[in-house]
Amino acid sequence: MRALILAAGRGLRLQQPQDRQLPKCLLPLGGVTLLERHLRLLRAVGVEEVVIGVGFRHELIEAEIARLRWHPRPEIIRNPDFEQGSVSTVHALAAPLTSAPDVLLMDADVLYDIRMLEALTEGKEPCNRLLIDHEFEPGDEPVKVCVRRGIVVELRKRVEPGLAYDAIGESVGFFRLTAGAARRLAELVAGYVMRGASHAPHEEPVRDLILEHSRGFEVRDVTGLPWIEIDYAADVARATRSILPLLDPLPGIELVRATGSGPSRA
């Protein structure tokens, strides 16, 4: 299984000081960056092959990988067009996306419980799978998953009035894809790029894929597990105050560092 982590964005909504802007995956939470958390949790569920799509201040992400001395070293793919949007980053990852039998596509800016990753990766046979949390705050920010009779019928922030569904929740932003689905996603993404729609969120071509193959997508319910997507400064505060205390200690971390300094044990 190969994990592709989307970590190219600028994270403007965090409103970081101009001279201290970090890619969101390098935000330290509990003294450990989100990126290191991803790597440790992926290793804990048996995923060692990791590809990271980078863009904004990519040199800092590369320095963090070097600092961690992670083995096997994650592959870093730079997206020079990252300002256009996350579709362009998925497009930059087309080669690793389409050359594995079982692929995880993951947002980098999520702090989450390992049980969510276990739900996504469970089972040896490749499959198409997404995660849903039925407890979410209303509004236009969460990406909603609408399900009717066990079939995904929508994946968007805004649900059209009149859409029939019997369950709704928030997408965690993690997807598992078979080789065939991954190849089709790469084709859909390339179509977005060709018609000048790289600015679209990557969930749009993922939505297209799911609606094409909705009967082939499993939905795993992770309602009640602690997690948060970090978009705003308030999310960082909430993550520190309300989510971190609910998470189990990270595998391989004997003591959570208060400052994030010092060597890590990989």
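This is a short tour of a predicted model, stop by stop, with something to select at each one.

Begin by colouring the chain by pLDDT, which averages 91, with 91% of the residues scoring at least 70. Then select residues 254-266, where the pLDDT is below 50, although this stretch still has 31 contacts in the model beyond near neighbours in sequence. Read that segment with corresponding caution.

Next, turn to the interior and select Leu42 and Tyr112, the residues with the most contacts inside the largest nonpolar core, which has 35 residues. To see what surrounds them, display the elements that give two or more residues to this core, among them helix 1 (34-44), helix 2 (58-68), strand 6 (102-107), strand 7 (110-112), helix 5 (114-121) and strand 11 (167-178). Of the contributing elements, helix 5 gives the most, with five residues. Before moving on, select Leu6, Leu185, Tyr192 and Ile210, which are included in a second, separate core of 33 residues.

Return now to Tyr112 and show its surroundings. Leaving aside neighbours within four places in sequence, Tyr112 is in contact with His38, Leu41, Met106, Leu117, Phe174, Pro226, Trp227 and Leu247. Keep Tyr112 and Phe174 on screen, both of which are buried, and draw their rings. A search of the whole structure finds one aromatic pair, and this is the pair in view: the ring centres of Tyr112 and Phe174 are 5.0 Å apart and the planes stand at 80°, so the arrangement is edge-to-face. Because Tyr112 belongs to strand 7 and Phe174 to strand 11, the pair ties together parts that are 62 residues apart in sequence.

From Tyr112, step along the chain into helix 5 and begin at its start, where a side-chain oxygen of Asp113 reaches to within 2.7 Å of the backbone nitrogen of Arg115. Colour the helix by accessibility and helix 5 proves to be mostly covered, with six of its eight residues buried; these are Ile114, Met116, Leu117, Ala119, Leu120 and Thr121. Just after helix 5, select Gly123, which takes a positive phi of about 100°.

Gly123 leads directly to the next stop, since its backbone oxygen lies 3.2 Å from a polar atom of the side chain of Arg176. Select Arg176, which lies in strand 11. Is this arginine buried or exposed? Its relative accessible area is 0%, so Arg176 is buried. With C-alpha atoms displayed, check the distance from Arg176 to Leu104: the two are 72 residues apart in sequence, yet 4.5 Å apart in space.

For another arginine, go to Arg207 in helix 7 (residues 203-212). Arg207 has a relative accessibility of 13% and therefore counts as buried, the limit being under 20%. Not counting residues up to four places away in sequence, Arg207 touches Glu154, Leu155 and Arg156, so these three should be shown as sticks beside it.

Finish with two cysteines. Select Cys25, which counts as buried because its relative accessibility is 2%, and then Cys127, which is also buried, with a relative accessible area of 9%. If cysteine sulfur atoms are searched for pairs within 2.5 Å, the count comes to zero disulfides.

Note on methods. Residues are numbered from 1 along each chain as its sequence is written. Side-chain values use heavy atoms; hydrogens and water are left out. A nonpolar core is a set of buried Ala, Val, Leu, Ile, Met, Phe, Trp, Tyr and Cys residues joined through side-chain atoms within 4.5 Å. Buried means under 20% relative accessible area, exposed over 50%, partly exposed in between (1.4 Å probe, protein chains only). Helices (H or I, at least four residues) and strands (E, at least two) are DSSP runs, numbered from the N terminus. Contact means heavy atoms within 4.5 Å. A polar contact is a pair of N or O atoms within 3.5 Å; within protein, one must be able to donate a hydrogen and the other to accept it, and residues adjacent in sequence count only if both atoms are side-chain atoms. pLDDT is the predictor's confidence in each residue, from 0 to 100. Rings of Phe, Tyr and Trp (its six-membered ring) pair if their centres lie within 6.5 Å; planes under 30 degrees apart count as stacked, over 60 as edge-to-face and the rest as tilted.
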